[in-house]
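Subject: Handing over a structure, with notes on what was found

Dear colleague,

I am passing this structure on to you, and the sequence and the model are shown just below. My notes follow, and I hope they help you find your way around.

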Amino acid sequence: MKYENTLKYRSAWMGIAMLWVVVYHSFYIFPINFFKNIGYGGVDICLFASGLGCYYSLCSNDDIAGFVKKRFLRIFPTYWCFLPFWFLYAFNAFDMDLSSVLGNILGIQNFTSKGLAFNWYISAILLFYILAPYFKKLADRFDGFKQILIVILMFAISVPFWSSNTLIITVSRLPVFYIGMLFAKSSKKSKKLSAYKIVVYLLVSIAGFILLWMSFEHFSDYRWTHALYWYPFILITPGLCVCVSVVMNLLDKSKVTSIIPKIFSFIGKYSFEIYLTHILIFDSVGYMVNSGTLPNEKTTYILALVSVPFACAILFLITKGVTKLSSTIFLKKK
């Protein structure tokens with residue numbers, strides 16, 4: 001299988017990842033509850049895909065300031081258009097001081113270890129974007145066993161953050177992001193992803209799933225404090241993404257099933273909007289159910305789930321309108 005056939009489904013990875021995260025945050029108990037309980041792994045898929053995208057972006061233009069600016073502009077316009085809606089919920093449900101408000105606006109609140117942060121992912125992805133140019137230099141400079149040592153070193157860096165609930169979620173994801181950059185480097189060096197490599201990726205993923213299952217079965221007290229929730233996805237994610245690409249490539253060969261990769265890619269295109277809106281909706285509904293404002297019924301949760309795509313569309317349109325208006329104002333000033 002060609003690397004280009006693997007990488008063209010990166011949006012589909014993101015779509016599947018975001019649906020998995022939505023399932024994880026949803027109120028339902030699924031028949032295979034283990035699948036729901038590890039849905040946070042969708043974030044690792046997003047970070048792996050992001051590392052891959054950052055590598056390609058830096059290969060096409062190594063202007064670090066331009067790279068960081070471009071990446072920030074992908075996040076902040078949508079995030080800032082979303083924040084007023086989240087602040088309405090947060091001010092009603094929690095006590096927030098000025099420092100928390102400013103921390104959330106800047107996207108760094110999770111690193112302060114105090115006050116209410118919207119979600120850890122915002123701070124994490126901003127940090128990873130800043131580190132990406134330096135990670136690319138590491139990826140380009142070394143090969144083989146030395147790269148394994150670098151990944152192990154990144155793992156070791158996360159160990160001192162054990163029991164730091166606000167930071168370990170971020171720091172333990174550094175290897176996944178970096179491995180995404182290594183995967184992109186491999187695709188640059190070789191056009192073909194051999195059957196041998198696919199099998200290796202698959203076997204490593206299976207080993208990761210076994211470790212994850214063992215952490216749930218035998219080390220439940222350490223899953224959060226010692227990052228056993230997230231470490232296995234260092235092994236799982238690359239192979240999982242490759243397997244998704246293989247399946248999507250097979251589905252693409254039939255006119256009947258070719259719509260499936262397109263659907264997942266479409267969802268992946270709006271993954272950030274889905275991520276923002278579904279957390280706000282689920283948190284708001286949970287708060288209102290607990291306070292007695294909404295009934296604790298299945299219909300309530302179904303409506304919450306159904307409202308996510310509508311909220312996503314509204315956020316997209318608001319962002320588009322605000323961005324267009326801002327561009328018009330600044331252009332007039334010039």
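A residue counts as buried here when its relative accessible area is under 20%, as exposed when it is over 50%, and as partly exposed in between. Please keep in mind throughout that this is a predicted model.

I begin with the salt bridges, of which the count comes to 4. In one of them, the side chains of Lys136 and Asp140 meet with 2.6 Å from N to O. Both belong to helix α7, which covers residues 120-141, and because they are 4 residues apart there, about one helical turn separates them. Their surroundings can be described through accessibility: Lys136, at 14% relative accessibility, counts as buried, whereas Asp140, with a relative accessible area of 36%, is partly exposed.

Which residues are linked with Asp143 in a network of salt bridges? The network consists of Asp143 together with Lys185 and Lys189, and it can be taken one pair at a time. In the pair of Asp143 and Lys185, the closest N and O atoms are 2.6 Å apart. Asp143 sits in the loop between α7 and α8 (145-158), while Lys185 is part of helix α10 (residues 174-189), so this salt bridge ties together parts that lie 42 residues apart in sequence. As for the pair of Asp143 and Lys189, the closest N and O atoms are 3.4 Å apart. Lys189 also lies in helix α10, and so its salt bridge to the loop residue Asp143 ties together parts that are 46 residues apart in sequence.

The three members of the network can also be set side by side by their accessibility: Lys185 is buried, with a relative accessible area of 9%, Asp143 is partly exposed at 42%, and Lys189 is exposed at 61%. If neighbours within four places in sequence are left aside, Lys185 is in contact with Tyr55, Ala139, Asp140, Phe142, Asp143 and Gln147. That list includes Asp140, the residue that forms the salt bridge with Lys136 described above.

Turning to how helices pack, I looked at α2 (residues 10-25) and α13 (residues 259-269), whose axes come within 6 Å and cross at roughly 75°. Because angles of 65 to 115 degrees count as roughly perpendicular, α2 is roughly perpendicular to α13. On the α2 side the residues that meet α13 are Ser11, Ala12, Met14, Gly15, Ile16 and Leu19, and on the α13 side they meet Pro261, Phe264, Ser265, Ile267 and Gly268. Sorted by class, this contact has 7 nonpolar and 4 polar residues, and no charged ones.

Finally, there is helix α14, which runs over residues 271-290 and therefore has 20 residues; from its first C-alpha to its last it reaches 28 Å, close to the 28 Å expected at 1.5 Å a residue. How many of its 20 residues are buried? The number is 16, so that α14 is mostly covered in the sense of the cut-off given at the start. Just after α14 comes Gly292, which takes a positive phi of about 85°.

With best wishes

Terms used
Residues are numbered from 1 along each chain as its sequence is written. This is a predicted model: local features need pLDDT of at least 70, side-chain atom pairs count only at pLDDT 80 or more; totals for chains, interfaces and linings use all residues. Side-chain values use heavy atoms; hydrogens and water are left out. Helices (H or I, at least four residues) and strands (E, at least two) are DSSP runs, numbered from the N terminus. Buried means under 20% relative accessible area, exposed over 50%, partly exposed in between (1.4 Å probe, protein chains only). Axes are lines fitted to C-alpha atoms, for helices over the stretch in contact, and angles run from 0 to 180 degrees between N-to-C directions. Angles under 35 degrees count as roughly parallel, over 145 as roughly antiparallel, 65 to 115 as roughly perpendicular and the rest as oblique. Contact means heavy atoms within 4.5 Å. Ala, Val, Leu, Ile, Met, Phe, Trp, Tyr, Cys and Pro count as nonpolar, Asp, Glu, Lys and Arg as charged, and the others, Gly among them, as polar.
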